[in-house]
Amino acid sequence: MELLQRLGERVAVAGRASVAFSGGSTPKLMFAWMARQPFDWSRIEIFWVDERCVLPTHEDSNFRMTREALLDHIQPAGVHRILGELPPVEAAVAYENEIVSVLGADPHFDVIHLGMGADAHIASLFPGFAEIDSREGTTAAVWVPKLNAHRVTLLPKPILNANHIVMLVTGTDKSSALEQVMSGPYNPAEYPAQLVDRNASAIAWFTDVSAKGGGFSETPRLS
């Protein structure tokens with residue numbers, strides 16, 4: 001799988017690697033599959049792309065889902081979760097400090113795994129959010145009106161700084177947005193996933209038949 005391959009390549013060169021995972025329902029099967037693979041996680045630092053502002057034991061917690069599907073079955077070098085139980089702004093600041101302490105003042109993740117919502121959002125960067133235009137900072141606390149909830153998210157700068165981005169998109173409800181993201185006019189304010197599709201240095205899309213209309217596929221976009 002692309003994600004494990006890229007992490008393994010980085011470990012071979014640098015002795016360790018970093019990855020930021022997305023949550024939601026789509027990657028759960030991927031995490032369970034990765035947990036069964038003969039992969040050495042002892043040199044991998046694990047982060048998250050975003051998190052709901054809930055306790056780590058809450059059913060909506062991205063950390064909880066990842067822990068149950070993957071973390072409980074491996075032994076990574078480090079697990080750096082977003083403290084969703086804190087007030088949102090405080091959680092965002094704490095997470096940025098954690099990232100900087102591990103990856104440095106200008107953090108570059110080796111791999112970022114992203115999903116995409118039916119509205120083309122990535123991380124917790126939803127259509128219309130001012131943060132989509134930001135190229136400063138590492139994290140932010142955001143209010144998502146459609147969900148009536150706070151979240152903490154990585155900002156575009158660290159996402160676009162990643163050495164590799166792996167996009168995993170499934171579901172018929174995302175097919176229209178996916179077509180616009182990959183083929184439509186550039187408008188990331190309306191289709192935030194275009195931000196990475198058009199600007200990331202290396203991105204590989206993995207989509208299923210219902211999302212892309214042609215079977216599960218990998219679409220590398222290298223620049």
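The sheet of this predicted model is open and has three strands in the order 3-7-6, with antiparallel pairing, where helices (H or I, at least four residues) and strands (E, at least two) are DSSP runs numbered from the N terminus, and two strands pair if DSSP finds at least two bridges between them. Strand 3 (50-52) and strand 6 stand at the edges with a single partner strand each, so one side of each has no neighbour in the sheet. From one strand to the next the twist averages 25°. Strand 3 and strand 7 run antiparallel and are joined by three bridges, and Arg 52 stands opposite Arg 151 in strand 7. Residues are numbered from 1 along each chain as its sequence is written. Local features need pLDDT of at least 70 and side-chain atom pairs count only at pLDDT 80 or more, while totals for chains, interfaces and linings use all residues, and side-chain values use heavy atoms, with hydrogens and water left out.

Helix 4 (residues 88-103) lies across strand 6 and strand 7 and runs at about 150° to strand 6; axes are lines fitted to C-alpha atoms, for helices over the stretch in contact, and angles run from 0 to 180 degrees between N-to-C directions.

Elsewhere, the axes of helix 2 (residues 28-35) and helix 3 (residues 62-69) cross at roughly 35° and come within 8 Å. In this contact (heavy atoms within 4.5 Å), Lys 28, Phe 31, Ala 32 and Ala 35 of helix 2 meet Met 65, Thr 66 and Ala 69 of helix 3.

Ser 22 lies in the loop between strand 1 (17-21) and helix 2, and with 5% relative accessibility this residue counts as buried, a term for residues under 20% relative accessible area, whereas exposed means over 50% and partly exposed lies in between (1.4 Å probe, protein chains only). Leaving aside residues up to four places away in sequence, Ser 22 touches Pro 27, Phe 31, Val 49, His 113, Leu 114 and Gly 115. Ser 22 and Gly 115 are 93 residues apart in sequence, yet 6.5 Å apart in space, C-alpha to C-alpha, and the side chain of Ser 22 reaches the backbone oxygen of His 113 at 2.8 Å.

Two further loop residues have a positive phi without being glycine: Ala 120, with phi near 75°, and Asn 148, with phi near 55°. Ala 120 lies in the loop between strand 5 (111-114) and strand 6 (139-144) and is buried at 0% relative accessibility, whereas Asn 148, in the loop between strand 6 and strand 7 (149-154), is exposed at 57%.

Notes: Polar contact = N/O pair within 3.5 Å; in protein donor to acceptor, adjacent residues only side chain to side chain.
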